[in-house]
Amino acid sequence: MSSIDREADRQALRRAVGGEGEVRFDEPMERHTTLRIGGPVEAWVAPASIAAVQRVRSLCALHNWPCRAVGAGSNLLVRDGGVRGVLIASERLRDLAFAGRTVRAGAGVATGKLLSEATRRGLSGVEFLGGVPGSVGGGLVMNAGTTLGEFKDVTLRVRSVDPRGEVIERDGAACGFVYRGSAIPPDEIVVEGELALRERPREAIESDVRNLRDRRRAREPHGVPNAGSIFKNPPGDHAGRLIEQCGLKGRRVGGAEVSPAHANWIVNAGGARAADVLALVDLVRAEVRSRFGLQLELEVKVVGHDQESHGHAASQ
Ligand SMILES: Cc1cc2nc3c(=O)[nH]c(=O)nc-3n(C[C@H](O)[C@H](O)[C@H](O)COP(=O)(O)OP(=O)(O)OC[C@H]3O[C@@H](n4cnc5c(N)ncnc54)[C@H](O)[C@@H]3O)c2cc1C
C-alpha cells in the first residue's frame with residue numbers, strides 16, 4: 001500500500017478532483033464527524049461531479065491507495081490514528097431534481113433538505129427522515145430509517161462508482177436493504193439515488209414529521225456530540241433497554257459517556273478519543289452479554305487505525 005506523500009501524487013489527485021472540487025491533505029476527521037472525534041485522513045477529497053468521482057477512483061486504483069466514502073459523518077467513528085489513503089466526501093454531489101413523483105438526489109444532498117423539498121411539493125415517502133441527520137448516500141448505504149419507514153421503502157435506483165471507476169446501477173431490490181444496512185458493496189461510492197414518492201396533502205406530511213421530531217426530542221440527548229444509536233436493536237428488543245437494565249447510563253471511559261438521556265447513545269462528553277468510545281463499547285457489550293446472553297452489534301461504522309498501530313488498518 002503506497003501513501004500519498006509525493007508532491008506529484010498530490011498534484012495528480014488535485015487534477016482528478018478538478019476545479020469545482022476540493023482536496024485537503026492530512027485533514028483531521030474530527031472536523032467531519034458528528035462525534036467530533038477522529039485522526040487525520042491522508043487525503044480528503046470532495047468531487048463535485050460523478051465524472052470527478054470516477055477519475056479519483058481510477059487514480060486510487062492505479063496507485064493502490066485505499067479509497068472509501070464519507071457522507072455527513074453522522075454514523076461514523078474514526079480511530080485516533082486516522083485513515084490511510086483517500087476518503088471521498090459526497091458533500092458536493094448536491095443535485096436534487098424532481099420529475100413528477102420521482103426525485104433524483106445526489107449522494108451529498110442532506111436528508112433534511114430532501115425532506116423539506118419533498119414536503120414543499122406535497123410529496124410523501126420520506127417523512128421517516130424527520131430528525132435523522134446525514135446525507136442521501138449514507139442513508140442509502142445504511143438504509144437509515146425510523147418508525148415511519150426507511151430508504152428501502154422508496155428506493156427505485158442507486159448509482160455508485162466501483163473501484164475501477166465504472167458507474168454501477170442497481171434497482172431497489174438489488175440493493176439488498178436490511179435493517180440499518182444494505183448489500184451495496186462497501187468498496188463502492190454511492191453517487192446518487194432515485195426515489196419514488198407519492199402525492200399527499202402537505203399538512204398531513206408536516207404533522208407526521210412534527211410528531212416524529214417531538215417524540216425524538218423528548219428522549220434523545222441534546223447539545224453533546226454523538227452519532228445517534230451506537231448499537232443496532234437486537235430482534236424484538238431495544239439495545240437502549242438492555243443497556244439501561246445493566247445500570248450503565250452515565251458510565252464513562254475518558255471523555256466518552258453512555259448518555260444519561262438514552263442508553264443506546266454514546267456521547268462525546270468532552271475531549272473523548274475514539275479509544276475511549278471503543279473501550280466503552282467493549283464494556284457495554286460485556287455487561288449485556290453477561291446479563292442477557294446477547295451480543296450487541298455496532299450500528300456505527302468504525303474506520304481507520306489505532307494511534308499505536310503501525311501497518312494494520314482495522315475497519316468495519
Ligand atoms: C442525532 C442523530 C440521530 C440519528 N438518528 C438516526 C435514526 O433515527 N435512524 C437511523 O437510521 N440513523 C440515525 N442516525 C445515524 C445516521 O444519521 C444515519 O446512519 C445516516 O444515514 C448516516 O449518513 P451519513 O451521510 O452521515 O453517513 P456517514 O456517517 O458519513 O457514513 C456512514 C457509513 O456509510 C458509508 N457512506 C457514506 N456515504 C457513502 C456514499 N456516498 N457511498 C458509499 N458509502 C457511503 C460510510 O463509508 C460509512 O460506512 C442518527 C445520527 C445522529 C447523529
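User: What makes the pairing of the Arg-180 side chain with the ligand a polar contact?

Analyst: In this predicted model, an N or O atom in the side chain of Arg-180 is 3.1 Å from an oxygen atom of the ligand. The cut-off for a pair of N or O atoms is 3.5 Å, so a pair at 3.1 Å is a polar contact.

User: Why are Arg-68 and Ser-74 also said to make polar contacts with the ligand?

Analyst: For Arg-68, a polar side-chain atom lies 3.4 Å from a ligand oxygen atom. For Ser-74, the corresponding distance is 2.6 Å. Both values are within 3.5 Å, and therefore both pairs qualify.

User: How many residues surround the ligand, and which are the closest?

Analyst: The ligand is surrounded by 34 residues, and the closest are Ala-69, Gly-71, Ser-74, Ser-135 and Arg-216. Each of the 34 is counted because one of its heavy atoms lies within 4 Å of the ligand.

User: What makes domain 1 and domain 3 partners in contact?

Analyst: The domain assignment places domain 1 at 7–89 and domain 3 at 222–303. Their centres, taken over C-alpha atoms, are 28 Å apart. Contact, however, is judged by heavy atoms within 4.5 Å, and 13 residues of domain 1 meet 17 residues of domain 3 in this way.

User: What area is buried between domain 1 and domain 3, and which residues of domain 1 supply much of it?

Analyst: The buried area is about 1,400 Å², with 61% given by carbon and sulfur atoms. Leu-35, Asn-75 and Leu-77 supply 44% of what domain 1 buries there, more than any other three residues.

User: How many salt bridges and polar contacts join domain 1 and domain 3?

Analyst: The count of salt bridges is zero, whereas nine residue pairs are in polar contact across the interface.

Methods. Residues are numbered from 1 along each chain as its sequence is written. This is a predicted model: local features need pLDDT of at least 70, side-chain atom pairs count only at pLDDT 80 or more; totals for chains, interfaces and linings use all residues. Side-chain values use heavy atoms; hydrogens and water are left out. Domain bounds come from an automatic or database domain assignment. Buried area is the accessible area (1.4 Å probe) that two parts lose on being put together, summed over both. A salt bridge is a side-chain nitrogen of Lys or Arg within 4 Å of a carboxyl oxygen of Asp or Glu. A polar contact is a pair of N or O atoms within 3.5 Å; within protein, one must be able to donate a hydrogen and the other to accept it, and residues adjacent in sequence count only if both atoms are side-chain atoms.
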